[in-house]
Number of protein chains: 2
Amino acid sequence: MARMPVAERRSILLSAAFAVISRQGVSGATTRAIVDEAGMKLASFHYAFESREELLAQLVDVVVGNQEVVLALPAEAGTDLERLLELGLLRYFEQVRENPLRERAMFELTQYSMRTPSMQGFAERQYARYRELAVASLREAADRTGCSWRVPLPELAADLVALTDGITLAWLADGDDGRARRTIAFAARALASEGVHPPAAAPTDSTSRTTLTGTTPTTRRGEAS
Amino acid sequence: MARMPVAERRSILLSAAFAVISRQGVSGATTRAIVDEAGMKLASFHYAFESREELLAQLVDVVVGNQEVVLALPAEAGTDLERLLELGLLRYFEQVRENPLRERAMFELTQYSMRTPSMQGFAERQYARYRELAVASLREAADRTGCSWRVPLPELAADLVALTDGITLAWLADGDDGRARRTIAFAARALASEGVHPPAAAPTDSTSRTTLTGTTPTTRRGEAS
DNA sequence: ACGCAACTGGGTCAGATGACCCACTCCATC
DNA sequence: GATGGAGTGGGTCATCTGACCCAGTTGCGT
C-alpha cells in the first residue's frame, strides 16, 4: 500500500518469499503466496522483479551472504577445547531449535538450486561459505584454549560442517533434543581429538610455543598431511 | 499399453515417480510427468491410485522399507576397527557416487514429508530405520574385530547416521570426492575411538571376555554410558 | 464361442499459476 | 498549482495440473 522505494520493496518481497518457503517449500512459494505474505498486490511483484525466478536467484544470494553460524562459540572463556566446542555446538543447536523453519528453508533452497541448471554453483558456494565460517570458529576455539590442530584447518572445517548438517537434519526429522545433544557431545569429542592439548608440556616442535593469552598465537599448522 | 495386473502397474508407477522426483523434485512429479515416465496414459494413473497423494504416500513407505545401506561393510575381514569402518563408509560413498539422483530423491522425499501434515512421522520412521541399520552395521564391525563399544550402540548409530548424512549432503552440493573421502577418514577415526581395542589385554570388566571368532560375542555393553 | 469385468483412450473441467497490461493516483519538483 | 513519472490496482491470458468420466476393447474363465 504505502509508497516505498523499489529497493525496500524488493527486500520485503525477499523476506516474504523466505517465510513462505520455510512453510510451504520452494514450490509453494508462488508469486501470489509471496505477495500475499508481504501484503502487496500481484502487480507490485512484477514491478520489483522481472520474474519469480529472478527473485529466487536473488534470495539465494542474500541467504548465502547472511549465513552466519556453524559453531557459535560462547563469550566466556571455556575450560578445555572439547568443552568449548561442545558449548559452541550447543549454542548453534539452540538457534536451530528456536528457528527450525529457517533451517528447513535453507535445505529447501539448497536442493532447489542443486536441480536448477541456472543456479548451479549456489549449493557449492553455500557449502564453501559454511566451511569458511567453520574455519574461523575452529581457529578461534584453538586460539582461546591455546591448542593447535593436527590436521589442516579446512579439512577439519569440512568435518565440522558434515557433523552440524547431519545433526540438524536428524533433529528436523525427529525433533529428539536428547539425541541431538548426545550427538553433539560425540562431535565435540571427535573434533577435539584432532587438537593438540595445551598444558605447558614438552613443546613437540622447534617453534617456541609462545604465550597463550588467547589472541595472537595463530595456531596455523599442519597445512600438509 | 500391455495388460497387466494392478499391482504391477502400481509398482511401475512408483518407480517412475521416484525417477521423476530424483530429476525434478517432488513438485515436478505431476501425474502427467509420472505416467509419461512410465509410458502410460493418464487414466491408468487414476485406475491404479486414488490420487497423486496416495501414490506419494505409498512411495514413501516403499522407500523406507527398501533403504539398505548406511555403512556397507566389506566381506573380507578388515584389520582393525577403524580401517573396517573406513572401508564400509567408502563403500557406502561409492554407492552414493554411482547413484546421486537416488540420494537427492531421498532428501527430497524426507523434506516433502516433513512439511506435509498427513505424512508426519515418515521422516521420523526413516531416521529410525537408518539408525536401526547403523546399529546392525556397527555391531557387526565390532564383532568382526573383536571390539566392543564404550557407548550405547543406538547412540553411536545416531552419530554414524549424522556423519553419513553430512558427508552425503556436502558431496551432493559440491561433488568434491577428495573432501568426502577425507571426511570419511575422520568419521572412521571418530567412531573407532568409541570402541575398545581388541588385543588380548587386561579384561577391564568382570565379564569373561570370551572368544572373538566373530559371531557369538554380542558385544552389548555400556547401556548406561 | 461367449460374456463380462478388468483395463484403456481420449477427452473434459475447475482451479491454480506466471506473466503481463494499462488506466489511474499520488508525490516531488519546478 | 501544474506536471511527469514512480508506483498501484484490478483485471486478462495461456498454460498446467489433479481429478474425473465414459465409451470402448480385450483377455480370461467358462
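A residue counts as near a DNA strand if one of its heavy atoms lies within 4 Å of that strand. That cut-off sits behind the strand views below, and the whole model is predicted.

**View 1. Where the protein meets DNA strand D.** Of the atoms of DNA strand D within 4 Å of the protein, 58% are sugar or phosphate atoms, and the rest belong to bases. There are 20 residues around this strand, and the ones that come nearest are Arg9(A), Tyr47(A), Thr31(B), Arg32(B) and Arg52(B). Sorted by class, the surface here has 9 nonpolar, 5 polar and 6 charged residues. Look for H1 and H3 of chain A plus helix H2 (31–38) and H3 of chain B: each of them supplies at least two residues of this surface.

**View 2. Phosphate contacts on DNA strand D.** Zoom in on Arg9(A), where a polar side-chain atom lies 2.2 Å from a phosphate oxygen of the strand. Tyr47(A) also uses its side chain, with an N or O atom 2.9 Å from a phosphate oxygen of DNA strand D. Arg52(B) goes about it through its backbone: an N or O atom there lies 2.9 Å from a phosphate oxygen of DNA strand D.

**View 3. Where the protein meets DNA strand C.** Here 20 residues surround the strand, and Thr31(A), Arg32(A), Arg9(B), Lys41(B) and Tyr47(B) are the closest. Sugar or phosphate accounts for 55% of the atoms of DNA strand C within 4 Å of the protein, with bases making up the rest. The class split for this surface is 9 nonpolar, 5 polar and 6 charged.

**View 4. Base and phosphate contacts on DNA strand C.** Arg32(A) reaches a base: an N or O atom in its side chain is 2.4 Å from a base nitrogen of DNA strand C. Over at Arg52(A), a backbone N or O atom lies 3.0 Å from a phosphate oxygen of the strand. Tyr47(B) puts a polar side-chain atom 3.0 Å from a phosphate oxygen of DNA strand C. The elements giving two or more residues to the surface near this strand are H2 and helix H3 (42–48) of chain A, along with helix H1 (6–24) and helix H3 (42–48) of chain B.

**View 5. Helices H1 and H2 of chain A crossing.** The axes of H1(A) (residues 6–24) and H2(A) (residues 31–38) come within 8 Å and cross at roughly 115 degrees, so the two helices are roughly perpendicular to each other. The crossing is right-handed. Among the residues that meet are Ile12(A), Leu13(A) and Val20(A) from H1(A), with Ile34(A) and Val35(A) from H2(A). By class, the contact has 10 nonpolar, no polar and 2 charged residues.

Note on methods: Residues numbered from 1 in each chain as written. Chains lettered and ligands numbered in written order. Predicted model: local features only at pLDDT ≥ 70, side-chain atom pairs only at ≥ 80, totals over all residues. Heavy atoms only, no water. Axes fitted to C-alpha atoms, helices over the stretch in contact; angles between N-to-C directions. Helix = DSSP H or I, 4+ residues; strand = E, 2+ residues; numbered from the N terminus. Parallel < 35°, antiparallel > 145°, perpendicular 65-115°, else oblique. Left-handed = near helix turned anticlockwise from the far one by under 90°. Contact = heavy atoms within 4.5 Å. Nonpolar A, V, L, I, M, F, W, Y, C, P; charged D, E, K, R; others polar. Polar contact = N/O pair within 3.5 Å; in protein donor to acceptor, adjacent residues only side chain to side chain.
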